[in-house]
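Student: Hi! Could we take a close look at one part of this protein together? I would like to understand its salt bridges and what lies around them.

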Amino acid sequence: MNVTERRSEPRIEASTPVLLTPLAAVATHLRGSVVDVSAGGVKVHLDASLKELPRAGAIYRIQSGDDLMLCEVRYSKVAEPGADLGLKIIHWRDAGELKRMVQNQQQLSAR
């Protein structure tokens, strides 16, 4: 079976620790790791089981090393153990290793 890729940007695999903070409850912190990233989105695996999955449309601050992003939840699903989140990057404030990976991929694609 031939599946056509529908993404507008390539995903870059990563395995970077991440801290997520919902803007609706800034005292809450979730820990996980980045699974993949592109210029417009990031997939995160949360380590712990949650009582309630984040809702689509919720806004989170994402910190991974020197990277600081503001993201909107597109989907969330249980992925034992923990959960997977697909997030749309609204704003990438501080650039670190993840941003450099994306920029390098963009430069390679432009050649």
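Student: Let me start with one residue: is Arg93 buried or exposed?

Tutor: Happy to help! Please keep in mind that this is a predicted model. Arg93 is exposed, because its relative accessible area is 56%, and the cut-off for that word is over 50%. The side chain of Arg93 meets that of Asp94 in a salt bridge, with 3.1 Å from N to O. Asp94 has a relative accessibility of 30%, so Asp94 counts as partly exposed.

This pair belongs to a short list, as the model has 3 salt bridges by the rule used here. Another one links Glu97 and Arg100, whose closest N and O atoms are 3.5 Å apart. Both residues sit in helix H1, which covers residues 97–110. Glu97 and Arg100 are 3 residues apart, or about one turn of that helix. Glu97 is partly exposed because its relative accessible area is 46%. Arg100 comes out at 41% relative accessibility, so Arg100 is partly exposed too.

Next, look at Arg55 and Glu52. They form a salt bridge as well, and their closest N and O atoms are 3.5 Å apart. Arg55 counts as exposed because its relative accessibility is 60%. Glu52, at 54%, therefore counts as exposed.

Glu52 also leads us to a pocket. It is one of the residues nearest the centre of the second largest pocket, together with Pro22, Leu53, Pro54 and Tyr60. In total, 13 residues line this pocket, and its volume is about 220 Å³. Sorted by class, the lining holds 9 nonpolar residues, 1 polar residue and 3 charged residues.

From Pro22 in that lining we can step to the strands, since strand E1 spans residues 12–22. E1 pairs with strand E2, residues 30–37, in the antiparallel sense over 7 bridges. If you want a spot to find on screen, try Val18, which stands opposite Gly32 in E2. E2 also pairs with strand E3, residues 41–46, again in the antiparallel sense, here over 5 bridges. On that side, Asp36 has Lys43 in E3 as its bridge partner. The connection from E2 to E3 is a hairpin of 3 residues.

While you trace these strands, one general idea may help: in a regular strand, side chains alternate between the two faces of the sheet.

Notes:
Residues are numbered from 1 along each chain as its sequence is written. This is a predicted model: local features need pLDDT of at least 70, side-chain atom pairs count only at pLDDT 80 or more; totals for chains, interfaces and linings use all residues. Side-chain values use heavy atoms; hydrogens and water are left out. On a 1 Å grid over the protein atoms alone, a cavity is a set of points where a 1.4 Å probe fits but cannot get out, and a pocket is an open set with protein on both sides within 12 Å along at least five of seven lines; lining residues have an atom within 4 Å of a point. Grid points are joined across faces, edges and corners, and a volume is the space filled by probe spheres set on the points. Ala, Val, Leu, Ile, Met, Phe, Trp, Tyr, Cys and Pro count as nonpolar, Asp, Glu, Lys and Arg as charged, and the others, Gly among them, as polar. Two strands pair if DSSP finds at least two bridges between them. Helices (H or I, at least four residues) and strands (E, at least two) are DSSP runs, numbered from the N terminus. A salt bridge is a side-chain nitrogen of Lys or Arg within 4 Å of a carboxyl oxygen of Asp or Glu. Buried means under 20% relative accessible area, exposed over 50%, partly exposed in between (1.4 Å probe, protein chains only).
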